[in-house]
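Welcome! Please take a look at the sequence and the 3D view below, and keep both at hand while you work through the exercises.

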Amino acid sequence: MASPVQPAATMAAFARMAKGQVRYYSAPLDMAIPASKKQYIPSSGTYPKGFLVSGTHVGVKASNTKFPDLALISSETPCSAAAVFTTNKFQAAPVQVSRKTLQERQGQGIRSIVINSGCANAVTGKGGLEDAANMGSTVDGCNGLSDPSTIVMSTGVIGQRLPISKILDKIPTAHKNLASSHDAWLTTARAICTTDTFPKLLSRTFTLPSSPGRTYSLAGMAKGAGMIHPNMATLLGVLCTDAPIETPALQSLLKHAISRSFNSISIDGDTSTNDTLAILANGAAGGAPINSANSDDYAAMQEILTSFSQSLSQLVVRDGEGATKFVTVRVQNSPHYESAQLIASTIARSPLVKTALYGRDANWGRILCAIGYTQGVAPGVVIPERTSVSFKPVDGSPILKLLVNGEPEQVDEDRASVILQNEDLEIVVDLGGGEKGEQGLGGEDAMYWFCDFSHEYVTINGDYRT
């Protein structure tokens, strides 16, 4: 017969269990922003002309009694629009409705984007499609429009219907509260968050070669902390600019930017049913329209939009569920960009690499394994005798060489431990040029951004619904 458990032992066991449930890196229950994340929140911004935004409390989830969970972004004039969507076969109702709207309008005349958090409206059948369409048409009605002119997004739990009446009732309030201030943009960015610990918002001004004296603005917000991996990376994003960009050029610019930003990040290797990133360009700042990929303005805009998208997407990685590290992996000297990106992607989603980094273990063998089993790499790209792996500290100190031309280095474990204590780290993989010739002459580089796997990630996702 088993002996009774002593009270002291019971209390000790309970204390250990409770300690294991404390969330150190995820969003506090009161939605307070962790001190370590406040540095990523802008205190001011310069936002594109003609755009108005609002964040409104609906209570999509019954437990949300006060925080904004309905975002509305509107332009005072019709916009050119482009978007990229999830490749998941179970595509959420808002994805299907928004894609149809963009196709029917050929990316022209879009006025608004409406987003709810708290429920993904995914795998919800015909009723879900009707709910998404009703969200869009209600916004259109507020704008005095009868034709579908609104992109719809949703994020949250899959397989549950929206409390659609509550949402539709609050859309007029959201429209009435539209504003252009920094506080309005920040509140709107917060309204699309789920497990995010901070709102992700950026803005930037720029000029174009054809109008050097004219100032344009670009603003963007994104949400995502888990289920992040291309293609797309649960992620939603909105970009707005007052530059005059015609639809075909806008779609091309967005595709290039996303391939090197939101499709070059990974948190856990999962791709959601709802992933959507859309851009609106209303031309409110004037100037010559960008309508050709051969123009100087197009080339400048491509660089601006790609750089901006990279900065915004990196905020998603920094907010990875349970993440303690922000890791850049650079694969260089590849004869092909596509092969370099495949290798970087494989390293970024390797659970063994991610857990080693969390444990501050310089286990470079796991990186090498990921390089070696990467699928789809062109022949001759990976040659063991030419492959090198290093850790590059963020403080500018010399790199720590782990493998040089296929030969292992004598690793200074103490220095490796110091490097891995930092929040930021860069892993450099040099392929030595592959089949193009001598080492170092490959020329093509690819970058990926990812985070580590911690105990916290399991805690967050183990009780996501409960």
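Here are some exercises, each with a worked solution.

Before you begin, note that this is a predicted model, in which local features need pLDDT of at least 70, side-chain atom pairs count only at pLDDT 80 or more, and totals for chains, interfaces and linings use all residues. Residues are numbered from 1 along each chain as its sequence is written, and side-chain values use heavy atoms, with hydrogens and water left out.

**Exercise 1. The chain as a whole**

Find how many helices and strands the protein chain has, and what percentage of its residues is buried.

Solution.
- Step 1: Use DSSP runs, numbered from the N terminus: helices are H or I with at least four residues, strands are E with at least two. The protein chain has twelve helices and 15 strands.
- Step 2: Sort residues by relative accessible area, with a 1.4 Å probe and protein chains only: buried is under 20%, exposed is over 50%, and partly exposed is in between. Of the 466 residues in the protein chain, 53% are buried.
- Step 3: Look at the surface, with areas from the Shrake-Rupley method and a 1.4 Å probe, where for residues only the protein chains shown count as cover. The protein chain exposes about 19,900 Å², and carbon and sulfur atoms supply 52% of that area.

**Exercise 2. Salt bridges**

Count the salt bridges in the structure, then follow D131, R318 and D319 to their partners.

Solution.
- Step 1: Look for a side-chain nitrogen of Lys or Arg within 4 Å of a carboxyl oxygen of Asp or Glu. The structure holds seven such salt bridges.
- Step 2: Start from D131, which forms a salt bridge with R161, with the closest N and O atoms 3.0 Å apart. Because D131 lies in helix 3 (residues 125-142) and R161 in the loop between strand 4 and helix 4, the pair ties together parts 30 residues apart in sequence. D131 counts as buried at 4% relative accessibility, while R161 is partly exposed at 46%.
- Step 3: Move on to R318, whose side chain meets that of E423 at 3.7 Å, N to O. This pair links distant parts of the chain, 105 residues apart: R318 is in helix 7 (residues 296-318), and E423 is in the loop between helix 11 (413-420) and strand 14 (424-430). R318 is buried at 15% relative accessibility, and E423 is partly exposed at 36%.
- Step 4: Salt bridges that share partners also join K37, D196, K200 and D319 into one network. Within it, D319 and K37 meet at 3.4 Å, N to O, and both of these residues are buried.

**Exercise 3. Aromatic rings**

Count the aromatic pairs, and decide how the rings of F206 and Y216 are arranged.

Solution.
- Step 1: Pair rings of Phe, Tyr and Trp (its six-membered ring) if their centres lie within 6.5 Å; planes under 30 degrees apart count as stacked, over 60 as edge-to-face and the rest as tilted. The count comes to three aromatic pairs.
- Step 2: The ring centres of F206 and Y216 are 5.7 Å apart and the planes are at 25°, so this pair is stacked. F206 belongs to strand 5 (residues 200-208) and Y216 to strand 6 (residues 211-223), ten residues apart. Both F206 and Y216 are buried.
- Step 3: Now search for a charge over a ring, with NZ of Lys or CZ of Arg within 6 Å of the ring centre and within 35 degrees of the ring normal. K200 lies over the face of F198, 4.5 Å from the ring centre, and R260 lies over the face of Y337, also at 4.5 Å from the ring centre.

**Exercise 4. Cysteines and backbone angles**

How many disulfides does the structure hold, and where do N333 and N405 sit?

Solution.
- Step 1: A disulfide is a pair of cysteine sulfur atoms within 2.5 Å. The structure holds zero disulfides. For C79, the nearest cysteine sulfur is that of C240, 7.4 Å away.
- Step 2: Most residues other than glycine have a negative phi. N333, in strand 10 (residues 326-334), has a positive phi near 60°, and N333 is buried at 13% relative accessibility.
- Step 3: N405 also has a positive phi, of about 50°. N405 sits in the loop between strand 12 (400-404) and strand 13 (407-408), and is partly exposed at 28%.
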